[in-house]
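User: I'd like to learn how to read a fold like this one, feature by feature. Can you walk me through it?

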Amino acid sequence: MASKDKYTVILPTYNERRNLPIIVWLLNRTFTENNLDYEIIIVDDASPDGTLEIAQQLQNLYTSKHILLRPRAGKLGLGTAYIHGLRSATGTFVIIMDADFSHHPKFIPRMIRTQQRTNCDIVTGTRYAGPGAGVYGWDLKRKMVSRGANLVADTVLRPGVSDLTGSFRLYRREVLERVVARTESKGYTFQMELMTRAKGMGYRVEECPITFVDRVYGESKLGGEEIVEYLKGVLSLWLNV
């Protein structure tokens, strides 16, 4: 599936030293087997577990052509991590995803084919629509929280996508840059606002079914504060977008 395009993957990390080597290996294998040009931008927020040191070793292994390190001084928020990484992106397309195996790189070729087939601006992975879509490893409470969050957003914002809270996406780089410039959220509502604003700006979005698997190593960073932030974010978008 050779392509003239280059793909940038932005990986925000915080305490991912055990996950990072495997996800980078999988990404390298995926792009290499499909004859695709790529770069991985790792944005580490001063992880106390030594994630940055592991990232430096990976850069030595895969070379600085493919691994770019853009560390920050502290934990400054998921949204700003993507913005920080985007400043260094040179790909035609930018892929944003988690580094904890919740998003498997095996779906990237499918997302690329979706974009090539439809010529859309954004491909968003969905856990809730299409053949093979699903969530694994979550208890009933977590599933209800996720479904409830999407139901609230769909009812209030009517975004036209089935998984507004998802965070595995492929963007044309120039589209992402334009949408980010108008986005105000910095935390867990960042992804939701990106999609809502992109749709409002008239960009074409296609969905790609994915399976979401709970993180392999480490603890989930979702807590009560993030849920409150999410609800505030939905209200803010409803009022302003």
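Analyst: Happy to. Let's begin with the sheet: an open one of 7 strands, in the order 3-2-1-4-7-5-8, with mixed pairing. Keep in mind that this is a predicted model.

User: Which are the edge strands?

Analyst: Strand 3 and strand 8 (205-209), each of which pairs on one side only. On average, neighbouring strands of the sheet are turned by 20° against each other, direction ignored.

User: What packs on the sheet?

Analyst: Helix 2 does, touching strand 1, strand 2 and strand 3, and its direction makes about 145° with that of strand 3. Helix 6 lies across strand 4, strand 5 (122-126) and strand 7, running at about 95° to strand 7.

User: How do strand 4 and strand 7 run, parallel or antiparallel?

Analyst: Antiparallel, with 4 bridges joining strand 4 to strand 7 (residues 169-172). For a residue to look at, take I95, which stands opposite L170 in strand 7.

User: Now the inside. How should I think about a nonpolar core?

Analyst: The general idea is that in soluble globular proteins, nonpolar side chains tend to be buried together. Here the largest nonpolar core has 34 residues, and L11, L27, F31, I40, I95 and M97 are those with the most contacts inside it. Two or more residues each come from strand 1 (6-13), helix 1 (20-33), strand 2 (37-44), helix 2 (51-62), strand 3 (67-69), strand 4 (93-96) and helix 4 (108-118). Helix 1 gives the largest share, 6 residues.

User: Which residues is F31 in contact with, leaving aside its neighbours within four places in sequence?

Analyst: Y7, V9, L36, Y38, I95 and I108. There is also a second, separate core of 26 residues, which includes L68, A89, I122 and M192.

User: On to charges. How many salt bridges does a search of the whole structure find?

Analyst: It finds 7. As background, side chains of opposite charge can pair when their charged atoms come close. One of these pairs is D45 with R72, whose closest N and O atoms are 2.8 Å apart. D45 sits in the loop between strand 2 and helix 2, and R72 in the loop between strand 3 and helix 3 (78-86), so this salt bridge ties together parts that are 27 residues apart in sequence.

User: Is that pair buried or exposed?

Analyst: Buried on both sides: D45 has a relative accessible area of 6%, and R72 is at 13%.

User: What about salt bridges within a helix?

Analyst: Look at E193 and R197, which meet at 2.5 Å, N to O. They are 4 residues apart in helix 7 (residues 190-200), so about one helical turn separates them. Both are buried. E177 and R173 form another salt bridge, with their closest N and O atoms 3.5 Å apart. These two are also 4 residues apart, in helix 6 (residues 173-181), about one helical turn. Here E177 counts as partly exposed at 36% relative accessibility, and R173 is partly exposed at 24%.

User: Last one: where should I look for positive phi in a residue other than glycine?

Analyst: Try N15, with phi near 60°. N15 is in the loop between strand 1 and helix 1 and is partly exposed, at 31% relative accessibility. N35 is another case, with a positive phi of about 55°. N35 lies in the loop between helix 1 and strand 2, and at 54% relative accessibility it counts as exposed.

Note on methods. Residues are numbered from 1 along each chain as its sequence is written. This is a predicted model: local features need pLDDT of at least 70, side-chain atom pairs count only at pLDDT 80 or more; totals for chains, interfaces and linings use all residues. Side-chain values use heavy atoms; hydrogens and water are left out. A nonpolar core is a set of buried Ala, Val, Leu, Ile, Met, Phe, Trp, Tyr and Cys residues joined through side-chain atoms within 4.5 Å. Buried means under 20% relative accessible area, exposed over 50%, partly exposed in between (1.4 Å probe, protein chains only). Contact means heavy atoms within 4.5 Å. A salt bridge is a side-chain nitrogen of Lys or Arg within 4 Å of a carboxyl oxygen of Asp or Glu. Two strands pair if DSSP finds at least two bridges between them. Axes are lines fitted to C-alpha atoms, for helices over the stretch in contact, and angles run from 0 to 180 degrees between N-to-C directions.
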